[in-house]
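Please open the model in your viewer and keep the sequence panel beside it. The tour below goes from one selection to the next and says what is to be found at each stop.

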Amino acid sequence: MIDTGYSLTLSCPNRPGIVAAVSKALFARGGDIFSAQQYDDVEHGLFFMRVLFTLPDGGDHYQPLQADFTAIAEELGLRWTMRDRTRRQRVMIMASKFDHCLADLLYRRRIGELPMDISAIVSNHPRDTYDGLDLSGLPFHHLPVTKETKADQETALWRLVGETGTDLVVLARYMQILSDGLADKLSGRCINIHHSFLPGFKGARPYHQAHARGVKVIGATAHYVTADLDEGPIIEQDVERISHADTPADLIRKGRDIERRVLARAVRYHLDDRVMLNGRKTVVFRD
């Protein structure tokens with residue numbers, strides 16, 4: 001992940017001249033493109049593009065360039081974002097009792113694999129639940145929730161998102177369902193991870209259900225959160241084959257490994273401006 005320069009992501013109805021218009025606007029402000037990826041969604045007639053570029057020293061070209069693209073957006077019908085990649089995004093991580101995804105994200109942040117600042121760690125369980133993790137220096141918030149207090153808890157959670165300047169919320173095995181209203185407010189900037197079996201098993205003890213059915217593949221899915229439970233636009237998935245010799249404990253162990261790596265990849269793609277919404281799907285510009 002290169003954390004220099006600027007990123008531009010855009011989508012619009014496909015038509016001739018889009019790449020030329022983008023390149024011309026960047027060139028006019030002294031921009032130097034060092035990476036460009038594009039995708040034509042032929043089925044829906046849409047165009048997607050991700051551009052990484054630098055600008056002349058001094059930073060005087062960035063705001064005028066944004067104004068340029070505001071005008072281009074009106075002409076071409078663009079949905080676009082432009083970001084200074086030197087500004088680390090602020091990420092809120094939410095977890096419940098299972099801490100394997102939380103621990104993995106914190107480790108990857110510590111070694112520099114995930115360049116992000118932790119705006120908050122939020123849990124519906126008290127801090128001592130995570131005595132095995134080094135949370136020193138990280139803002140921890142215990143927001144317990146019951147059926148009766150869910151609305152108040154989500155109000156406090158949304159207020160915390162604003163107060164901390166959070167860019168991205170990650171549900172790192174946070175075992176509470178977000179309300180439709182909160183999911184809508186976090187649209188496009190809240191990532192969830194869940195087990196994904198073939199066939200699927202919902203409810204309690206999914207790995208035990210899978211073992212009882214003798215499944216041969218288990219997996220995990222990372223997706224953006226929407227009001228439709230576990231049906232938001234998919235960012236990343238992975239699977240692992242298992243056999244008749246695997247016990248439920250083996251499935252749980254292997255499932256946690258898959259969940260960790262799938263969630264980490266999804267977060268990395270988002271932080272690196274590689275994910276673009278395309279209706280109920282995503283376009284992911286991989287390495």
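Axes here are lines fitted to C-alpha atoms, for helices over the stretch in contact, and the angle between two of them runs from 0 to 180 degrees between N-to-C directions. Contact, in turn, means heavy atoms within 4.5 Å. Please bear in mind throughout that this is a predicted model.

**First stop: a sheet**

Begin by selecting strands E1, E2, E3 and E4, which form an open sheet in the order E2-E3-E1-E4, with antiparallel pairing. The edges of this sheet are strand E2 (32–41) and strand E4 (79–84), each of which pairs on one side only. If you look along the strands, neighbouring ones are turned by 10° against each other on average, direction ignored. In general, strands of a sheet pair through backbone hydrogen bonds, either parallel or antiparallel.

Next, narrow the selection to strand E1 (residues 6–13) and strand E3 (residues 46–54), which pair in the antiparallel sense over 8 bridges. Which residue of E3 does Pro13 stand opposite? Colour Pro13 and follow across to E3, where Leu46 stands opposite Pro13.

**Second stop: the helices on the sheet**

Now add helix H1 (residues 18–28), which lies across E1, E2 and E3 and runs at about 20° to E3. Then add helix H2 (residues 62–76), which lies across E1, E3 and E4 and runs at about 170° to E4.

**Third stop: cysteines**

Select the cysteines and show their sulfur atoms; a search of the whole structure finds 0 disulfides. Cys101 is in no disulfide, and the nearest cysteine sulfur, that of Cys190, is 14 Å away, whereas a disulfide would need two cysteine sulfur atoms within 2.5 Å. Is Cys101 buried or exposed? Cys101 counts as buried because its relative accessibility is 1%, and buried means under 20%. Cys12 likewise counts as buried, at 3% relative accessibility.

**Fourth stop: two residues with positive phi**

Move on to Arg173, in the loop between strand E8 (168–171) and helix H5 (180–185). The phi of Arg173 is near 60°, a positive value in a residue other than glycine. With a relative accessibility of 13%, Arg173 counts as buried.

Finish at Asp273, which you will find in the loop between helix H7 (248–271) and strand E12 (275–278). Although Asp273 is not a glycine, its phi is positive, at about 60°. Asp273 counts as buried, because its relative accessibility is 13%.

Notes
Residues numbered from 1 in each chain as written. Predicted model: local features only at pLDDT ≥ 70, side-chain atom pairs only at ≥ 80, totals over all residues. Heavy atoms only, no water. Helix = DSSP H or I, 4+ residues; strand = E, 2+ residues; numbered from the N terminus. Buried < 20%, exposed > 50% of the residue type's maximum accessible area, 1.4 Å probe, protein only. Pairing = 2+ DSSP bridges.
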